[in-house]
Number of protein chains: 2
Amino acid sequence: MSLNDRKIQILQAIINDYIETAEPVGSRTIAKKYNLGISSATIRNEMSDLEEMGFIMQPHASSGRIPSDLGYRLYVDHLMQKRELSNEEERYLQSLISRDINQIDYLMEETAKAISALTNYTTFISEPVGQRAKIKQIRLLPLDMVSILLVIVTEDNFMKNHVIKLGVVPEEERIFEVGFYLNRAFQGYALEQIDQTVIRRLQYELGEYKGLLIPIFKALEITMEAAEKVQVHMSGTKNILAFPEFSDISKAKSLFQTLEEKDVLVTLLEESKSNDLQILIGSENTVQSMKDCSVITATYKLSDDTRGTIGIVGPTRMDYSQVVSVLNGMVQNIERVLRNLTDNNKDG
Amino acid sequence: MSLNDRKIQILQAIINDYIETAEPVGSRTIAKKYNLGISSATIRNEMSDLEEMGFIMQPHASSGRIPSDLGYRLYVDHLMQKRELSNEEERYLQSLISRDINQIDYLMEETAKAISALTNYTTFISEPVGQRAKIKQIRLLPLDMVSILLVIVTEDNFMKNHVIKLGVVPEEERIFEVGFYLNRAFQGYALEQIDQTVIRRLQYELGEYKGLLIPIFKALEITMEAAEKVQVHMSGTKNILAFPEFSDISKAKSLFQTLEEKDVLVTLLEESKSNDLQILIGSENTVQSMKDCSVITATYKLSDDTRGTIGIVGPTRMDYSQVVSVLNGMVQNIERVLRNLTDNNKDG
DNA sequence: ATTAGCACTCGTAGCAAGTGAGTGCTAACA
DNA sequence: TGTTAGCACTCACTTGCTACGAGTGCTAAT
């Protein structure tokens, strides 16, 4: 029993129809709707074979067939054809590009919204995270009567400000001077590289201001941690409720629960970071509540090791072809916008 | 026909029972469960009166009664007794206080999570926003070979950094010098207060660096806009699905839709900012998809005009008493943590 | 004023019959 | 030998019916 052309045509018909209608597909439907030039009886025989091979299955004894995870896998790997973006979709993407986006988190938010609006699936996206952060600038500024401002910038332009409260604030000139020393000492180093020798030298050079080192190291820690923390944005969770496969509230609820746990999403996105495009179908997912879903992820790159990932969750009966084309378009889009953005303006 | 003591007892019984069970309450249930010393027939007569007065209603002809929005209103305004927080709840709040929280958004996130975990209702919370922002500090720092860093801090310590790309970066000393001029010129002013005279003087003083003024004004605009933008955090949306009143998926969906639109939430929170505690029951809500819900909001204050709001959405059959006590506890908590936080460290 | 009793209402659970979409099998056909 | 028509069978789903029970409103007795 081999997977001949006709079987593949039939499988394709079943998958297309099922993606569209969410109803089990019978032999007669295929005979009528898809002109394969064979009768429903023949289709029945072929379907019986396809079922034996594991590509389709029956939800109950006398019903039509639905694709199995294996069937979708075959479809995704070999049958699915690349779809071009429709005019409407193209316009949507364009409108996003042309708008004046000047902040990463805003870009992420808008991208997630656009994708979930286009596809009707739940979308989540992680901000680009690069290699282990090195210090590019560390500066002190006067702030007010009781505190000074510490600005820390990493090599990849992630930055964070910290207010350091002091009993007595030195005069402006002294603040800048101390800041200058600090910058000389820290510039170019990762936090781990700063050893006792450096610290001792600093303590000496700072003199009466060496007490500053404690809050400064704390601020550095916080900054570096934040620089390496993956931020996730999500949109379109409500769409889940529109799919008949989640009309069972308890199923919907457990998926919602999972989506509310950012850790799970971060892990999911991080794991797929090495692939440009990854499709996990039903049981291929490791998270229990997603065993009935498919997850498609696409990775965008800012540089070779600065990457982020977009993910989409939907029922296994998902319009894979559409999602893949939208994701591809969006990756290009996001890479372009990000390249502009990081060249001009980046803050965290 | 007056609202005598007995009627009130019966109404209270109906509301308590309905909040607990979500089932219409019959006269016999009340007679058995709540020892009011009267028979079910008497209760029936009183219920008939209560219905006529509009405090309760029947979902269909021969069923028990459920409270109407008016009934809940009476309950909330006059009958509900303040509940003390349970030990468990107290512990939850304490655990939040004691943890080392150093960022506003993290505090918001955690607070929302805690409240939704304690109450099982969906929680959203807005970050504290103060009066129209004045500039406290505006400074320039060297960043790298092609850009300098502009740091803007408002009076209430909201801050934002901007990268300004230049063809040729001046030497460090000149950057600080120009920054000094800028700071002198802008300090203490709101963006609107800066008029042509000031700008002309600046152009003169900056000399060859007057081209900087364009990106600086753009950065100022972005910063001030962001300073005044209300950030909303949300948690526990999934809980909605657990309530029988949302077992109708389409209802749940429309509520989800609303909750995904931040604008609506912001408006809602902003509108209730002037009240310490506000309860909107069912039809009292202006948003259509919330006409079946109750929304309770509590406002926390950092200073007289720096405020934020916590909101809770649930079915009208909500445990008002619990929610109010949790919110009260949380407002105190959040005010304490925020006071510490803004004294020591604040960034945006 | 209160209550016991009773007829009445109405949503819901359970059951039986009918319907239709779909299958598998067999025998005839090209 | 592959294809197809025909047929019996399966099974979810709908419809209509009945029985049940929780609950009400009304009336008459206390």
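The surface near DNA strand C, where a residue is near a strand if one of its heavy atoms lies within 4 Å of it, divides into 4 nonpolar, 11 polar and 4 charged residues, the classes being nonpolar for Ala, Val, Leu, Ile, Met, Phe, Trp, Tyr, Cys and Pro, charged for Asp, Glu, Lys and Arg, and polar for the others, Gly among them. The model is a predicted one, in which local features need pLDDT of at least 70 and side-chain atom pairs count only at pLDDT 80 or more, whereas totals for chains, interfaces and linings use all residues. Residues are numbered from 1 along each chain as its sequence is written, chains are lettered from A and ligands numbered from 1 in the order in which they are written, and side-chain values use heavy atoms, with hydrogens and water left out.

Of the 19 residues around DNA strand C, those that come nearest are Ser27(A), Arg65(A), Arg6(B), Thr42(B) and Ser62(B). Helices are DSSP runs (H or I, at least four residues) numbered from the N terminus, and H3(B) gives the most to this surface, with 4 residues. Sugar or phosphate accounts for 80% of the atoms of DNA strand C within 4 Å of the protein, and bases for the rest. Among the polar contacts (pairs of N or O atoms within 3.5 Å), a polar side-chain atom of Arg65(A) lies 3.1 Å from a phosphate oxygen of DNA strand C, a backbone N or O atom of Ser39(B) lies 3.2 Å from a phosphate oxygen, and a side-chain N or O atom of Arg44(A) is 3.1 Å from a base nitrogen.

DNA strand D is surrounded by 20 residues, of which Arg6(A), Thr42(A), Ser62(A), Ser27(B) and Arg65(B) are the closest, and the largest share of the surface near this strand, 4 residues, comes from H3(A). A side-chain N or O atom of Arg6(A) is 2.6 Å from a phosphate oxygen of DNA strand D, while base oxygens of this strand are 2.6 Å from a side-chain N or O atom of Ser62(A) and 3.3 Å from one of Arg44(A).

Chain A is superposed on chain B, by least squares on the C-alpha atoms of residues with pLDDT of at least 70 in both, by a rotation of 180° with 0.0 Å of shift along its axis (RMSD 0.2 Å). The two copies are thus related as by a two-fold rotation axis. Since 100% of the interface residues of chain A are also interface residues in chain B, the copies meet through the same surface.

Definitions and conventions: Contact means heavy atoms within 4.5 Å. A polar contact is a pair of N or O atoms within 3.5 Å; within protein, one must be able to donate a hydrogen and the other to accept it, and residues adjacent in sequence count only if both atoms are side-chain atoms. Helices (H or I, at least four residues) and strands (E, at least two) are DSSP runs, numbered from the N terminus.
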